[in-house]
Every structure is written in structure tokens, then in C-alpha cells.
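The exercises below are meant to be worked through with the model open, one step at a time. Try each task before reading its solution.

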Amino acid sequence: MFLGMRALGTPYANRQFAEIAATTKPDLIAIYQADLIKNETLKLIRKTNPDIKMINIYNDMIYSPERFKRVLDRGLICDHTFLNSAGPELTDLRKAGIAVSYFPNLADASVENINGFERAEKDFDLVFISGERRSGGRY
């Protein structure tokens with residue numbers, strides 16, 4: 001991160017998040033790949049609001065032990081986790097005691113309107129591969 005700004009902003013973001021949750025006392029918190037929000041903050045929120053429901057939404061493939069552990073650790077705090085990774089990762093999380101469900105990548109018809117999969121002949125094809133800066137040489 002540029003000039004370590006993430007490191008500076010993370011404690012502030014967690015304090016603000018906990019303060020807002022304490023003030024508003026929500027019935028549900030949905031965490032969508034919010035890695036800046038620490039598990040300790042979620043535990044504090046649950047301690048001050050024991051009836052709250054928390055869900056974790058993870059929209060990336062779980063291809064590394066680090067990502068699996070991140071989802072597992074968050075899943076131990078949240079009431080339910082939704083993943084768009086199916087297969088062995090989903091099974092392994094369930095075996096670990098995580099309430100987890102598969103969900104597909106969602107796309108709005110106004111964005112995904114070509115339905116290229118319906119065409120037998122294609123004039124072009126595009127593959128976009130992206131990764132984290134710290135991907136460990138995956139690509």
C-alpha cells in the first residue's frame with residue numbers, strides 16, 4: 001500500500017466500525033471481503049450485541065492455504081459464510097464446523113447481456129487473469 005496508508009487507517013476503521021455498530025445496534029452485519037475489519041472487532045461487536053447475526057461473503061477462489069485460513073477464521077465468528085468456490089474447499093470448511101453455502105457470481109442483465117455462451121461461433125475471446133501483489137508466484 002502507498003506509504004503504509006492501510007496500516008494507518010486500519011485501526012481507525014475498526015474503531016469507527018465498532019462505534020457505529022454500538023450506536024445503531026444492527027440486526028445483521030454482512031462482511032464482504034472486508035479484510036481491514038479485524039476478527040477481534042467482530043467479536044467485540046457480538047459481545048456488545050449478542051443477538052446480532054453476521055454473515056461473511058467471500059467472492060474469490062480459495063486456492064491457497066492463507067486464503068482458506070482467512071475464510072475459516074472469519075467463518076468461526078460469523079453465523080454463515082457464502083462462497084463462490086465450490087468443491088473440496090466448501091467441504092473442508094463444513095468439516096471444520098463452518099456454516100457455509102455456495103453462491104454463484106452474480107451479474108446484472110444490464111451488464112452481462114451478450115450471453116456469449118449461447119453462441120456456437122465466436123469472433124473473439126477474452127481471458128483476463130488477475131492476482132494479488134503478494135500472490136506468491138501463482139501466475
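Lys-25 is a good place to begin in this predicted model, and it is found in the loop between helix H1 (5-24) and strand E1.

**Exercise 1.** Determine what is notable about the phi of Lys-25 and of Gln-33, and classify each residue by its accessibility.

*Solution.* As background, most residues other than glycine have a negative phi. Phi of Lys-25, however, is near 45 degrees, a positive value in a residue other than glycine. With a relative accessible area of 53%, Lys-25 is exposed, because the cut-off for that class is over 50%. Turning to Gln-33, we find this residue in the loop between E1 and H2, and its phi is likewise positive, near 45 degrees. Its relative accessibility is 27%, so Gln-33 counts as partly exposed.

**Exercise 2.** Work out which side chains of E1 are buried, and then find how E1 pairs with E2.

*Solution.* Strand E1 covers residues 28-32, and its side chains alternate along the strand. Ile-29 and Ile-31 point to one face and are buried, whereas Leu-28, Ala-30 and Tyr-32 point to the other face and are not. The next step is to look across to strand E2 (residues 53-58), which pairs with E1 in the parallel sense over 5 bridges; within this pairing, Ala-30 stands opposite Ile-55. Finally, following the chain from E1 through helix H2 (residues 39-48) to E2 gives a right-handed β-α-β unit.

**Exercise 3.** Set out the order of the strands in the sheet, name its edge strands, and trace the bridges from E2 onwards.

*Solution.* The sheet is open and has 4 strands in the order E1-E2-E3-E4, with parallel pairing. Its edge strands are E1 and E4 (100-102), each of which pairs on one side only. From one strand to the next, the twist averages 20 degrees. E2 pairs with strand E3 (residues 80-83) over 4 bridges in the parallel sense, and here Asn-56 has Thr-81 as its bridge partner in E3. E3 and E4, which also run parallel, are joined by 3 bridges, with Val-100 in E4 as the bridge partner of Thr-81. As for the side chains of E3, Thr-81 and Leu-83 point to one face and are buried, while His-80 and Phe-82 point to the other and are not. The chain reaches E3 from E2 through H3 in a right-handed β-α-β crossover, and E3, H4 and E4 make a right-handed unit of this kind as well.

**Exercise 4.** Describe which elements cover the buried residues of H3, and find what joins Arg-74 to Asn-39.

*Solution.* The buried residues of H3 are Arg-67, Val-71, Leu-72, Arg-74 and Gly-75. Their cover includes E1, H2, E2 and E3, together with helix H4 (88-95). Among these buried residues is Arg-74, whose side chain is joined to that of Asn-39 by a polar contact of 2.6 Å. Asn-39 itself lies in helix H2 and, at 18% relative accessibility, counts as buried, since the cut-off is under 20%. Leaving aside neighbours within four places in sequence, Asn-39 is in contact with Asp-73, Arg-74 and Ile-77.

Technical notes:
Residues numbered from 1 in each chain as written. Predicted model: local features only at pLDDT ≥ 70, side-chain atom pairs only at ≥ 80, totals over all residues. Heavy atoms only, no water. Buried < 20%, exposed > 50% of the residue type's maximum accessible area, 1.4 Å probe, protein only. Helix = DSSP H or I, 4+ residues; strand = E, 2+ residues; numbered from the N terminus. Pairing = 2+ DSSP bridges. Right-handed = clockwise from strand over helix to strand, strands pointing away. Axes fitted to C-alpha atoms, helices over the stretch in contact; angles between N-to-C directions. Contact = heavy atoms within 4.5 Å. Polar contact = N/O pair within 3.5 Å; in protein donor to acceptor, adjacent residues only side chain to side chain.
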